[in-house]
Amino acid sequence: MEINALEKQINRFARIRMAHLPSAIEPLDNLSRALGGPRIFVKRDDQIGLGIGGNKTRKLEFLLGEAVRLGKKKVVTFGGLQSNHARQTAAAARKVGLEPILFLFGDDPGEYPGNLLLDLLAGATIHFTPMKTGVERLEKAIERMRKTALEFPDVSEEDTYIIPVGGGAPVGLLGYLNAALEIQKQAEEMNIRFDHVAVAAGTGGTVAGLMAGFRLLGSSTRVIGIDVGSLWVNFRDSIAQVATRTGRQIDPGISFLSDDVTLYTDYVGEGYAIPSEGCIEAIRLLARHEGLFIDPVYTGKAMAGLIDLIRKGTFGREETVLFLHTGGLPALFAKGDIILKGLTRR
Ligand SMILES: Cc1ncc(COP(=O)(O)O)c(C=O)c1O
């Protein structure tokens with residue numbers, strides 16, 4: 001499909017513009033040099049606007065577009081205690097005049113740094129609930145969370161728009177389908193070809209949306225997901241299904257299998273939101289070589305994966321890799337002590 005034709009199709013969907021688009025693409029030449037190639041670029045979705053930015057802004061444009069179209073009054077979503085998605089949903093809900101309600105997995109920590117501070121500033125109602133993840137399929141977990149939320153007196157099917165964990169509903173992932181189109185356009189303007197786009201995979205929605213977008217465009221750009229949490233059973237399969245459902249909103253004939261999903265699962269370390277050694281090294285390398293700050297939960301692990309893959313010679317020197325910076329910086333401030341402990345001073 002031509003870029004213009006795809007753009008027209010995407011524009012059929014309800015959308016509230018909140019993002020600063022296109023997000024910038026910058027070369028990371030110092031890092032490329034330090035690692036001995038390939039050519040690395042970063043796409044700054046961390047600087048995309050709305051409540052300190054991050055990848056959820058693109059999804060929320062479509063999700064809240066639909067919520068408003070349906071006449072909803074409240075928005076519910078789910079996430080870890082330091083969920084960027086929850087924070088951005090709270091900010092976006094306020095922006096469009098909806099009431100944010102957050103279900104955060106865990107006990108009330110008694111202290112509210114990082115994203116929790118921002119959730120509270122936005123006046124979100126927070127329910128701290130021990131809704132554990134990690135032992136089931138993503139789809140099942142999403143349905144279970146939805147049912148749990150509907151048991152709370154401030155949530156009802158009629159006036160509440162329920163956004164799944166990570167904003168991973170197919171309508172929201174149009175935001176990343178659209179990002180693939182944006183990347184293609186920028187590549188043409190820059191007279192460059194991005195062979196690979198590397199990105200953190202939490203719920204895998206960003207990976208799925210990008211895959212659907214590049215497939216619809218007939219592009220050979222390969223999306224590389226780096227799992228940051230080992231949170232889901234059959235994760236590749238879930239991503240393929242979500243990519244299929246996302247793409248079918250535009251082309252009913254599109255289909256993905258789990259083998260179509262490139263997902264590296266070796267960079268999780270001890271678990272979700274626990275910074276690995278590689279993650280801390282990546283945070284330091286990026287800050288010192290490029291003055292670029294990445295986060296300890298998502299982009300730090302994704303970059304650790306990318307650096308390791310480069311060191312292992314996965315990419316040719318002449319190839320070009322675009323790293324998608326999906327944001328998450330508030331967690332850096334919430335986990336400063338752990339990160340500093342893992343850092344050498346020099
Ligand atoms: C900063 C950041 N990067 C990456 C991700 C992963 O995105 P996805 O859930 O679409 O895989 C998230 C959220 O889950 C995030 O907050």
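Me: Where does Leu50 sit?

Reply: Leu50 is in the loop that runs between β2 and α3 (56–69). Bear in mind that this is a predicted model.

Me: Why is Leu50 called partly exposed?

Reply: Leu50 has 19 other C-beta atoms within 10 Å. Buried would take 20 or more, and exposed would take 12 or fewer. With 19, Leu50 falls in between, so it counts as partly exposed.

Me: And what makes the phi of Leu50 worth a look?

Reply: The sign. Most residues other than glycine have a negative phi. Leu50 is not a glycine, yet its phi is positive, at about 75°.

Me: Which loop holds Asn234, and why does Asn234 count as partly exposed?

Reply: Asn234 is in the loop between β8 (222–227) and α9 (235–248). It has 14 C-beta neighbours inside 10 Å, and partly exposed covers whatever lies between 12 or fewer and 20 or more, so the label follows for Asn234. Its phi is positive too, near 50°, and Asn234 is not a glycine either.

Me: Why is Val165 called buried?

Reply: Val165 has 25 C-beta neighbours inside 10 Å, and the cut-off is 20 or more. So buried it is. As for where that is, Val165 belongs to the loop between β6 (160–162) and α7.

Me: What is Val165 in contact with, leaving aside its neighbours within four places in sequence?

Reply: Phe78, Gly79, Ile142, Met145 and Thr203. Contact here calls for C-beta atoms within 7 Å. Pro330 is 165 residues along the chain from Val165, and their C-alpha atoms are 18 Å apart.

Me: Which peptide bonds are cis?

Reply: One joins Leu21 and Pro22, with omega about -5°. Another joins Gly37 and Pro38, with omega about 0°. Most peptide bonds are trans. Pro22 sits in the loop between α1 (3–10) and β1 (25–27), while Pro38 is in the loop between α2 (29–35) and β2 (39–44).

Me: Zooming out, why does the radius of gyration of the protein agree with a compact globule?

Reply: A compact globule of 346 residues would come in near 20 Å, and the protein has 19 Å, so the two agree. The C-alpha atoms fill a box of roughly 55 × 50 × 35 Å along the principal axes. Inside, there are 13 helices and 10 strands, and 50% of the residues count as buried. Among contacts with a separation of 6 or more, 77% link residues 24 or more positions apart.

Me: What are the domains, and how many residues does each put into the contact?

Reply: Domain 1 covers 3–53 + 170–341, and domain 2 covers 59–167. Their centres are 23 Å apart, taken over C-alpha atoms. The contact takes 30 residues from domain 1 and 32 from domain 2. On the domain 1 side, α7 (170–190) and α12 (330–334) each give two or more residues, and α7 gives the most, with five. By class, that side has 18 nonpolar, 10 polar and two charged residues.

Me: Which residues have the most contacts inside the largest nonpolar core, and why is this core said to lie between the domains?

Reply: The core has 100 residues, and Val197, Ala198, Val199 and Leu210 have the most contacts inside it. Domain 1 and domain 2 both give residues to this core, so it lies between them. Take Ala198: beyond residues up to four places away in sequence, it touches Ile224, Ile226, Ala302, Leu306, Val321, Phe323 and Leu324.

Me: Last one: what surrounds the ligand?

Reply: A shell of 18 residues, the closest being Asn84, Gly202, Tyr298, Thr326 and Gly328. The elements that give two or more residues are α4 (84–95), β7 (196–201) and α8 (205–217). By class, the shell has three nonpolar, 14 polar and one charged residues. Domain 1 and domain 2 each supply at least three of the shell residues.

Note on methods: Residues numbered from 1 in each chain as written. Predicted model: local features only at pLDDT ≥ 70, side-chain atom pairs only at ≥ 80, totals over all residues. Near = placed C-beta within 6 Å. Helix = DSSP H or I, 4+ residues; strand = E, 2+ residues; numbered from the N terminus. Nonpolar A, V, L, I, M, F, W, Y, C, P; charged D, E, K, R; others polar. Domains from an automatic or database assignment. Rg over C-alpha atoms; globule rule 2.2 N^0.38 Å. Contact = placed C-beta atoms within 7 Å. Core = buried A, V, L, I, M, F, W, Y, C linked by C-beta atoms within 7 Å.
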